[in-house]
Amino acid sequence: MASSVGLIRPAARVASQSKDVWTTVNEAASECATPVINLGQGFFGYNPPDFILKAAKEAMDRVDCNQYAPTKGRLRLRKALSGAYSPHFGRTLDPDTEIVITSGANEGMLSAFMGFVEQGDEVIVMEPFFDQYVSNIQMAGGKLVYVPLHPPKKGATEVCPASEWKLNIDELKAKITEKTRMIVLNTPHNPIGKVFTREELEAIGKICVENNIIILSDEVYDRLYYMPFTRIATLSPEISRLTITVGSAGKNFYATGWRVGWLIGEPHLIRYCTAAHTRICFSSVSPLQEAAAIGFEQADAVGFWETSKNDMQRKMDLFNEIWDELGVPYTKPDGGYFVLVNLNRLQLPPDYPFPEHVLSRARDFRLCWWLIKEIGVAAIPPTEFYTRETEKEAEDYLRFAVCKEDEVLEAAKERLRKLKAYLK
């Protein structure tokens, strides 16, 4: 009997089978004879602190922790988040109506889109963007509208602070229509490392209040900031009523595989995010919620937040020594654990045998492929986080993650020294 596979039609939302950046990078690395140092993906190269691991192991021995968690999340974690975040929000967060636990921040954002975005609604996203925003918005039937964060004018020749990546407020205003339903904000920003200033957030908030636009504020790197950090939800009661804040235990506690995230917002917002979350996965992993709760209860007492922030900034400085040594410019992050490096000066061999799927992309894909094959270090080409119309702005950059052991960073630096022979 003839196969019927060819007659089965997938939904348009998942029909695209183009090779994504993660597949491209992993494919290149897997073909190398010498193990590649992976500074591409943003997973941690070390375990969570002992007090978090101890809490997780103990939770696994409890019957209640091994059964379904409540749809909203375990009460202990919601109370712990209220205790941890109420001081930052300047008001007491109700753990029953203003917080919902999700299966990672990504599912939390999908729940927010599913809760408020309908077919044809427009959602504004800033370029460069976390790639999951795109598919999540499309899943909900939304139409993506892009506004660029413009790179520093001297980014190809000088080390520049992440604050010099600028949002043009007039460009944002020009994208607002009667169909604009939501705007996605990411601070500290991936991949730039930009922490939006209070003035920038006030300008964004003003536009949203005037046009009744929901703000989805992705703040998963909220414990890793190296300059003053403002939460947009705290700026005014009017902005608060429009803001859903996204958080992540994985980013906070070096445990990206746990998939424990949350949404914080006023009851009229969280109610519908919770309804969507219930339909997407019903509830999230129970024992690791308990461990995250204990983590928040104990983090301040052991000085974890300050230690974590200082250690990540130290790792950032340690890794960036190689670019200073080579005279290669980069964007100095204000937060997070990624650094964008401008390799405009790197001369690729003109006859290098790149595969067609790499040649068809922007220059940073060729930089990435060559760096893996010839230097043995993996990074991420940031044009993956742009539309094809605007990717030229970032095609000379690569993104490196520094959330690795010091020995790994030092080994990567030693390999990267070989770049000197290819710099013009």
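Where does Pro 188 lie? Keep that in mind as you work through these exercises on a predicted model.

**Exercise 1. Place Pro 188 and describe the peptide bond before it.**

Step 1: Look between strand E7 (180–186) and helix H8 (198–211); Pro 188 lies in the loop there.
Step 2: Now turn to the bond from Thr 187 to Pro 188, which is cis, with omega near -10 degrees.
Step 3: For another cis bond, go to Glu 127 and Pro 128, where omega is about 0 degrees. Pro 128 has its place in the loop between strand E3 (122–127) and H6.

**Exercise 2. Decide whether Asn 212 and Phe 282 are buried, partly exposed or exposed.**

Step 1: Find Asn 212 in the loop between H8 and strand E8 (214–218). Its phi is positive, about 55 degrees, although Asn 212 is not a glycine.
Step 2: The relative accessible area of Asn 212 is 56%, and exposed means over 50%, so Asn 212 is exposed.
Step 3: Move on to Phe 282, in the loop between helix H11 (267–281) and H12. Phe 282 is not a glycine either, yet has a positive phi of about 65 degrees.
Step 4: With a relative accessible area of 40%, Phe 282 is partly exposed.

**Exercise 3. Classify the ring pair of Tyr 85 and Phe 296, and say how each ring residue is placed.**

Step 1: The ring centres lie 6.1 Å apart and the planes are at 55 degrees, so this pair is tilted. The whole structure holds 29 aromatic pairs.
Step 2: Trace the chain: Tyr 85 belongs to helix H4 (residues 75–89) and Phe 296 to helix H12 (residues 286–299), 211 residues apart.
Step 3: Buried means under 20% relative accessible area. Tyr 85, at 1%, therefore counts as buried, and so does Phe 296, at 5%.
Step 4: Add Arg 223, whose charged end sits over the ring of Tyr 85, 5.1 Å from its centre. Arg 223 also lies over the face of Trp 305, at 4.1 Å from the ring centre.

**Exercise 4. Explore the largest nonpolar core.**

Step 1: This core has 110 residues, and those with the most contacts inside it include Phe 296, Trp 323 and Phe 400.
Step 2: Helix H13 (residues 304–326) gives the largest share of the core, nine residues.
Step 3: Pick out Trp 323, which touches residues including Val 328, Tyr 330, Phe 400 and Leu 419.
Step 4: Finally, find another core apart from the largest one; it has 28 residues, among them Ala 162, Ile 183 and Tyr 386.

Notes:
Residues numbered from 1 in each chain as written. Predicted model: local features only at pLDDT ≥ 70, side-chain atom pairs only at ≥ 80, totals over all residues. Heavy atoms only, no water. Core = buried A, V, L, I, M, F, W, Y, C linked by side-chain atoms within 4.5 Å. Buried < 20%, exposed > 50% of the residue type's maximum accessible area, 1.4 Å probe, protein only. Helix = DSSP H or I, 4+ residues; strand = E, 2+ residues; numbered from the N terminus. Contact = heavy atoms within 4.5 Å. Phe/Tyr/Trp six-rings, centres within 6.5 Å; stacked < 30°, edge-to-face > 60°. Lys NZ or Arg CZ within 6 Å of the ring centre and 35° of its normal. Lists of a residue's contacts leave out its neighbours within four places in sequence.
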